[in-house]
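Got a few minutes to poke at a structure? Here it is, followed by some questions.

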Amino acid sequence: MIYFHGKQRCLTCKAIEKIAKEVVNNQFANELENGTVVFNIVDISTPEGEQIADRYEVTWSSLFINKWKDGEETRNNMTEGMGKGPALALLLSGPSLSLPNMLVIHSMIGTKKTVLYVTLVIIMATISGWLYGYFF
């Protein structure tokens, strides 16, 4: 596991490092001890860190969980972002399920119809996102 960070760090960046460290130390203590799990923190503002960041194509705070098997590395960037399917589902449902929008809808059509509307939006956005993620 490699956690990359820059010189200036926000609260979220510091929290990601803290929580990742806690998880690794608590859940993988034996693996850390025998060397099958390694946790590295890389400051990309240093010359050494910049070289490592260049190899991983990292420009800012990132968390990688890598796997080595038969001398070959598989990289998994945990901070890369969400997939296309979930992004579409969020795009479709986000505006119509905002709190102000739901309050206006509730005042116009009542509780039962609002619950039905919200439920249908969630179901249709989820199905659309799943299908898009599956096929594209």
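What follows is a short round of questions and answers on this predicted model.

Q: How many disulfides does the structure hold?
A: A disulfide needs two cysteine sulfur atoms within 2.5 Å. The sulfur of Cys10 has its closest cysteine sulfur in Cys13, and at 3.3 Å that's too far for a bond. Searching the whole structure turns up this many disulfides: zero.

Q: Is Cys13 buried or exposed?
A: The cut-off for buried is under 20% relative accessible area. Cys13 has a relative accessible area of 8%, so Cys13 falls under that cut-off. The call for Cys13 is buried.

Q: What is the relative accessible area of Cys10, and which class does that put Cys10 in?
A: Buried stops at 20% and exposed starts over 50%, with partly exposed in between. Cys10 comes in at 39%, so Cys10 lands in the middle class: partly exposed.

Q: Which residues are linked with Glu17 in a network of salt bridges?
A: Start with Arg9, which forms a salt bridge with Glu17, the closest N and O atoms being 2.3 Å apart. Glu17 also forms a salt bridge with Lys21, this time with the closest N and O atoms 3.4 Å apart. Glu17 takes part in both bridges, so the network joins Glu17 to Arg9 and Lys21.

Q: What separates Lys21 and Glu17 along helix α1?
A: Both residues sit in helix α1, which covers residues 11-27. They are four residues apart there, which means a separation of about one helical turn.

Q: Is Glu17 buried or exposed?
A: Its salt-bridge partner Arg9 counts as partly exposed at 26% relative accessibility, and Lys21 is partly exposed too, at 34%. Glu17 has a relative accessible area of 12%, and the cut-off for buried is under 20%, so Glu17 is buried.

Q: Which residue meets Glu73 in a salt bridge?
A: Glu73 is partly exposed, at 22% relative accessibility. The partner is partly exposed as well, at 39%. The N to O distance is 3.3 Å, and the partner's name is Arg75.

Q: How far does helix α6 reach from its first C-alpha to its last?
A: Helix α6 runs over residues 111-135, so there are 25 residues to span. At 1.5 Å a residue, the expected span is 36 Å. The model comes close to that, with a reach of 36 Å.

Q: Which helices are among what covers the buried residues of α6?
A: The residues being covered are Thr114, Val118, Val121, Ala125 and Gly129. The cover includes residues 84-93 and 99-109, that is, α4 and α5.

How values were computed. Residues numbered from 1 in each chain as written. Predicted model: local features only at pLDDT ≥ 70, side-chain atom pairs only at ≥ 80, totals over all residues. Heavy atoms only, no water. Helix = DSSP H or I, 4+ residues; strand = E, 2+ residues; numbered from the N terminus. Buried < 20%, exposed > 50% of the residue type's maximum accessible area, 1.4 Å probe, protein only. Contact = heavy atoms within 4.5 Å. Salt bridge = Lys/Arg side-chain N within 4 Å of Asp/Glu carboxyl O.
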